[in-house]
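Subject: Handover of a structure and the findings so far

Dear colleague,

Please find below the structure that I am handing over to you. My notes on it follow.

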Amino acid sequence: MNGQKKRGTRIEPFRHRIETDPKFFDKSWRKLHDAIREIYNHNASGLSFEELYRTAYNMVLLKFGPKLYEKLIENMKEHLEEMRASVEAAQGGLFLEELERKWNDHNKALTMIRDILMYMDRTYILTNKKTPVFDLGLELWRDTIVRSPMIQGRLLDILLELIHRERTGEVINRCLMRTTTKMLMTLGSSVYQDDFERPFLEVSASFYSVESQQFIDRYACGDYLKLAERRLNEESERVSQYMDVKTNEKITAVVVKEMLANHMQRLILMENSGLVNMLVEDRYEDLTRMYTLFNHVPDGLTTIRSVMMSHIKDTGKSLVTDPERLKDPVDFVQRLLNEKDKYDNIINMSFNNDKSFLNALNSSFEHFINLNNRSPEFISLFVDDKLRKGVKEANEDDLETVLDKVMMLFRYLQEKDLFEKYYKQHLAKRLLSGKAASDDSERSMLVKLKTECGYQFTSKLEGMFTDLKTSQDTTQGFYASTSSDLADAPTISVQILTTGSWPTQPCNTCNLPPEIVAVSEKFRAYYLGTHNGRRLTWQTNMGSADIKATFGNGSKHELNVSTYQMCVLMLFNASDVLTYREIEQSTAIPAADLKRCLQSLALVKGKQVLRKEPMSRDIADDDSFCVNDKFTSKLFKVKIGTVVAQKETDPEKLETRQRVEEDRKPQIEAAIVRIMKSRRVLDHNSIMTEVTKQLQPRFLPNPVVIKKRIESLIEREFLERDKADRKMYRYLA
């Protein structure tokens, strides 16, 4: 520790020359040569591998590496040529067995030789970038045996022949096949691909081209697809058993091309068994198979989707334009729902719930539903049928499911505002006649419409429910304040309807019976006394009444009738016989309504409370009516002329259409103004596109109408045309 620097230990090399025996290499190589011969002859048990390793080590150490490497190549070639002669001599089925045996011998020998020459592998070969011993042995096997002119072609022919025999149902030695193809893979991917895989794929293409042509001429589409599926599964299984895993994708592509892609149109459009037939007959299994198989084919699913769309549009068109179907709106919509359920199930169960197929289905339904301009009315009638009390005994959950399905059809409608018109009429009839099956169901439907179209769509419908609640409270207040004055008067229940919320039509009030006039006038005085600035107009065409009646035979009944029917029946308290003309003068009921009213009282079987002379369906001015003294019914309460929502007549339909068109005008103008206010300057085509896009959720505006509304806004100085370009419009603040 005296501060001296500690010196490291250094090993000096030998300074004297190492003398070597001049015959050192020959003696050493002879030893290795004999050992390699013994290894190939399966006599390796008597060898000292430690001694052999040391011999090879010394040879490399003494710079004999290049010579040793050359001698090794010569030696292995000699042994391989002996093996080649043995393989070439093997006949028939023994050929592959002999090849396998020699391959295993060579592999074992290579492993031992590599171990003996390990030092050469790690030093000389690595430094001089030579092929390692084991890899060298594989290359020599490849060049000497596998690619020998007498073996290469024969090996390929035998492999392809065995595969062909297996395809035609024979059982082959898969273990031997696996060993042979694994040998080719071990020799390198290029050997496997060039010497086996490429010719295998070419022969397979030819085989399946011929087979597919035979099958398609003989089998129906479903059976053909089963065969194609079986072939695909067989090839995948064959690859897994004795080929490179990467071959699976390639052979699958070959089978798909030859058996499916080349015959795609013919299979999908095959008469009596193709896609359309499968759709019609709900053949889920065949449809699943078709979807799965053609998923591998370029444009396969696109073609299936296109054919499905065409079929749905065609069947849908025949459904919505068939005059027989239009006679029953409820059945019409039910058939649409059944079609929707059918294809929903097919897409869910067979087409993997594929979104592109769902979009195609929605597009097809939207196309054909709007071919019939009465679809909005019919869908509303269907909902009316489901929400009516006593029409069908269904639980709330089932009803909710049906309403959800109806909303799907509603989404397809381009004229949602027309549906709103009809729905408002039908809802009003249900509410005023007390026919709504369930308040919860009615409100549930409103929520669905509100979610779909927004608050504006349902605000007036919700106003109807508010009016009914307010009316109930008002009626209770009326009787509470005037109960002493109305002891003997008929009891009335008044529904006060806000003009804007209800689909009321201006009509002349008919002449009510004196008893009703007295109490209704008292109600008017009470209501106007509690509400300033209001005006009441009686809608006698919308009410109903319960009348107690005693007939000539002594039978007593309570008749549930409309307000018009009540006015007619009350006349017979003072007269025994009245003509049509007298009834019309006394009641002032519109002629069309009065005739329908008298028909329901005198001509409906089982409910003939009046007798008509003469007994004919048509009613003339001179026809006479009297009370039917022989009227009987098993029921005490008899319902007459129940208001049922029915299809509009042609004049009514035209009137509704005109009202809808009028209601659309301000909506189109509002959309134009909104767009121009934000954009300031816009060309004609852009306005058309923007307005259509904005109004599409409610209805599809007619371009001609849009153009007229633009002209109207220009006249009223909301817009002006550009002076330089007449197709440009400017917004005027």
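A residue is called buried when its relative accessible area is under 20%, exposed when it is over 50%, and partly exposed in between. Please keep in mind throughout that this is a predicted model.

Let me begin with charge pairs. Side chains of opposite charge can pair when their charged atoms come close. In this model the count of salt bridges comes to 55, and three of the pairs are described here in turn.

The side chains of Arg721 and Glu711 form a salt bridge with an N to O distance of 2.7 Å. This pair links distant parts of the chain, ten residues apart: Arg721 belongs to strand β8 (residues 719-721), and Glu711 to helix α30 (residues 703-715). Glu711 has a relative accessibility of 28%, so this residue counts as partly exposed. Arg721, at 22%, is partly exposed as well.

Glu211 and Arg231 also form a salt bridge, and their closest N and O atoms are 2.6 Å apart. Because Glu211 lies in helix α10 (residues 189-218) and Arg231 in helix α11 (residues 221-242), the pair ties together parts that are 20 residues apart in sequence. Are these two residues buried or exposed? Glu211 has a relative accessibility of 8% and therefore counts as buried; Arg231, at 4%, is buried too.

In the salt bridge between Asp622 and Arg581, the closest N and O atoms are 3.9 Å apart. Here again distant parts of the chain are linked, 41 residues apart: Asp622 sits in the loop between β4 (610-613) and β5 (624-627), while Arg581 is in helix α26 (residues 580-587). Asp622 counts as exposed at 63% relative accessibility, whereas Arg581 counts as partly exposed at 38%.

Salt bridges also join into a network, which links Glu166, Arg167, Arg174, Glu235, Glu237 and Arg238.

Charge appears on the surface in another way. Which residues gather there in a patch of negative charge? They are Glu70, Glu74, Glu78, Glu81 and Glu82. Of these, Glu82 is found in helix α3 (residues 65-89). With a relative accessible area of 56%, Glu82 is exposed.

I turn next to a buried leucine. Leu293 is located in helix α15 (residues 284-294), and its relative accessible area is 4%, so it is buried. Leaving aside residues up to four places away in sequence, Leu293 touches Leu225, Ala228, Glu229, Leu232 and Leu260. One of these partners shows how the chain folds back: the C-alpha atoms of Leu293 and Ala228 are 8.3 Å apart in space, although the two residues are 65 residues apart in sequence.

Finally, the backbone deserves your attention. Most residues other than glycine have a negative phi, and most peptide bonds are trans. His42 is not a glycine, yet its phi is positive, at about 65°. His42 lies in the loop between α1 (24-40) and α2 (49-61) and is exposed, with a relative accessible area of 56%. Glu717 likewise has a positive phi, near 65°. Glu717 is placed in the loop between α30 and β8 and counts as exposed at 61% relative accessibility. In addition, Glu613 and Pro614 are joined by a cis peptide bond with an omega of about -10°; Pro614 lies in the loop between β4 and β5.

With kind regards

Note on methods:
Residues numbered from 1 in each chain as written. Predicted model: local features only at pLDDT ≥ 70, side-chain atom pairs only at ≥ 80, totals over all residues. Heavy atoms only, no water. Patch = residues over 30% accessible without salt bridge, like charges linked within 9 Å, V, L, I, M, F, W, Y side chains within 5 Å. Areas by Shrake-Rupley, 256 points an atom, 1.4 Å probe, with all protein chains shown as cover. Salt bridge = Lys/Arg side-chain N within 4 Å of Asp/Glu carboxyl O. Lys, Arg positive; Asp, Glu negative; His and termini not counted. Charge placed at Lys NZ, Arg CZ, Asp CG, Glu CD. Helix = DSSP H or I, 4+ residues; strand = E, 2+ residues; numbered from the N terminus. Buried < 20%, exposed > 50% of the residue type's maximum accessible area, 1.4 Å probe, protein only. Contact = heavy atoms within 4.5 Å.
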